[in-house]
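Visitor: I am new to this structure and would like to understand the reasons behind the words used for it. Could you take me through it slowly?

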Amino acid sequence: MDWVYLALSVNGALYTVNAYKPIKKNPLFFLWSFFASWITIELAWVHLVWQVGITAYFVRKGALRSGKGRLAFLLNVGSFVGLGVIVYRSLGARHEVREAFKNFEAPGTTEPKRLGVKRTRNITFTEVGGKALKLDVYEPARPTAPGVRRPAIVQIHGGAWVLGDKREQGLPLLKHLASQGWVGFNVNYRLSPKATFPDHLIDIKHAIAWIREHADEYNIDPDYIAVTGGSAGGHLAALTALTGNRPEYQPGFEDADTSIQAAVPFYGVYDFTNRNGYYPANVVPRFMGPVIIKAKIDEHPEKFAAASPIDQITADAPPFFVVHGDLDTLAPVEGARDFVEELRAVSKAPVLYLELHGAQHAFEIFPSIRANEVVAAVGRYLEVLHDQYEKGRDPEDIPAEELAAAVDAEVTDSVEA
């Protein structure tokens, strides 16, 4: 019995320690470390409950009468403390949101709307090679007033460009925005290894063209479409925003308007060249090259640059709100920092950055305290940008200083309502 308690305690302690120091470059433990830290960080309170539960059970069974039992108890106490700190960090997301916007002063805001949400599944927006690509629509259940046009947002799922589906990601943000009057489109795209970049990007642009073609059907303002996504979806969201109306990414629909008015990439990948060595050395030659790009970087560096959002930055980039966790194992936070620095140096539009202390990759998949705070903040950011657009202000004329007090002021109401 004492050995069982000790084994469970060691296992729990390892998960807690790994949550603080996930393994980033060792190929043997890389994936285990990510999944273990992800589950532990975002569900820390669940781990705390089960560890307290097993400790109470074994203590009642007399575990403290043996050396192994006392060692197990001490390991559990240490794990309790570590998990408590993780929970405390997640509670600090509200403070981190405010810190990200602490120097900003926004225009006056209105009370947040609260509308029911209607979902329509599996609408085909294009066919490629005989395969239908589909999207789901999230919109307010209540009809809009005559003449009112809603803003739209495109959500792009992640999954390392090789897996994933529109049903699995971005749902908290889409539902939140739909309750505020937006129309959300959760989009599927072709996946590698069958698809070769830029197939993925072309598919997203097909979806945007389709959305604008059907603007009347959904009461959408075709002149205001935002884009978001996480991981590979964050990468594609950034590229979509930075390559609007580029004909090489719109074969057969070159004249369609695929411009984007705001971008919110979550824990994205911004560099396919690994120029600064943030990824394990084999990621580009063994994965990105042969699986996504279908080329070698030393033979075709231009293809890897074309897939890198950091190499596609221009002064005409739309407003960006970049969100990333500092413990991200799969997309190291240093890449997001570099991207934001370069974007701020070039773009004429406001660029905001939220770095979450103690957050892993895919942190908002679970409806956690941290995820709720961030979703509310993103919602307010997009609302403020859209409000300014409706007042006729060009994004280039909106200083970043004007965007964040509204987020600070309204995020609490958005989360607690």
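Guide: In this predicted model, the second largest cavity has a volume of about 60 Å³, and its lining is made of Y270, D271, R275, N276, Y278, I310, G335 and D338.

Visitor: What makes a space such as this a cavity, and how many cavities of 30 Å³ or more are there in the whole structure?

Guide: A space is called a cavity when a 1.4 Å probe fits inside but cannot get out, and a search of the whole structure on that basis finds four of 30 Å³ or more.

Visitor: How do you know which classes of residue line the second largest cavity?

Guide: Asp and Arg count as charged, Tyr and Ile as nonpolar, and Gly is among the polar residues, so the lining of the second largest cavity divides into three nonpolar, two polar and three charged residues.

Visitor: What is known about the largest cavity, its volume and its lining?

Guide: The largest cavity holds about 90 Å³ of space and is lined by 13 residues, with Q155, G170, L173, F266 and E364 lying nearest its centre. By class, that lining has six nonpolar, six polar and one charged residues. Helix 6 (171-179) and strand 5 (220-230) each supply at least two of the lining residues, and the largest share, three residues, comes from strand 5.

Visitor: Why is K134 called partly exposed?

Guide: The relative accessible area of K134 is 32%, and because buried means under 20% and exposed means over 50%, that value falls in between, so K134 is partly exposed. K134 lies in strand 2 (residues 131-140).

Visitor: Which residues does K134 touch, leaving out those up to four places away in sequence?

Guide: K134 touches N122, I123, T124, F125, K166, N186, V187 and N188, where touching means that heavy atoms lie within 4.5 Å. The C-alpha atoms of K134 and F185, which are 51 residues apart along the chain, are separated by 9.9 Å.

Visitor: What makes a set of residues a nonpolar core, and how many residues has the largest one?

Guide: A nonpolar core is a set of buried residues of certain kinds, Phe and Val among them, joined through side-chain atoms within 4.5 Å. The largest such core has 61 residues, and those with the most contacts inside it are F185, F272, F320 and F339. Helix 8 (residues 232-242) gives the most to this core, with seven residues. A second, separate core of 28 residues includes W182, V264, V323 and V375.

Visitor: Which residues are in contact with F339, leaving aside its neighbours within four places in sequence?

Guide: F339 is in contact with A238, L242, Y270, P309, I310, I313, F320 and V322.

Visitor: How do you know that the span of helix 7 agrees with what is expected?

Guide: The expected span is 1.5 Å times one less than the number of residues, so the 15 residues of helix 7 (residues 199-213) should span 21 Å, and its end C-alpha atoms are indeed 21 Å apart, which agrees.

Visitor: Why is helix 7 described as mostly covered?

Guide: Because a residue counts as buried under 20% relative accessible area, and 13 of the 15 residues of helix 7 are buried, the description "mostly covered" follows.

Visitor: How many helices and strands does the chain have, and what share of its residues counts as buried?

Guide: The chain has 13 helices and eight strands, and 55% of its 417 residues count as buried.

Note on methods. Residues are numbered from 1 along each chain as its sequence is written. This is a predicted model: local features need pLDDT of at least 70, side-chain atom pairs count only at pLDDT 80 or more; totals for chains, interfaces and linings use all residues. Side-chain values use heavy atoms; hydrogens and water are left out. On a 1 Å grid over the protein atoms alone, a cavity is a set of points where a 1.4 Å probe fits but cannot get out, and a pocket is an open set with protein on both sides within 12 Å along at least five of seven lines; lining residues have an atom within 4 Å of a point. Grid points are joined across faces, edges and corners, and a volume is the space filled by probe spheres set on the points. Helices (H or I, at least four residues) and strands (E, at least two) are DSSP runs, numbered from the N terminus. Buried means under 20% relative accessible area, exposed over 50%, partly exposed in between (1.4 Å probe, protein chains only).
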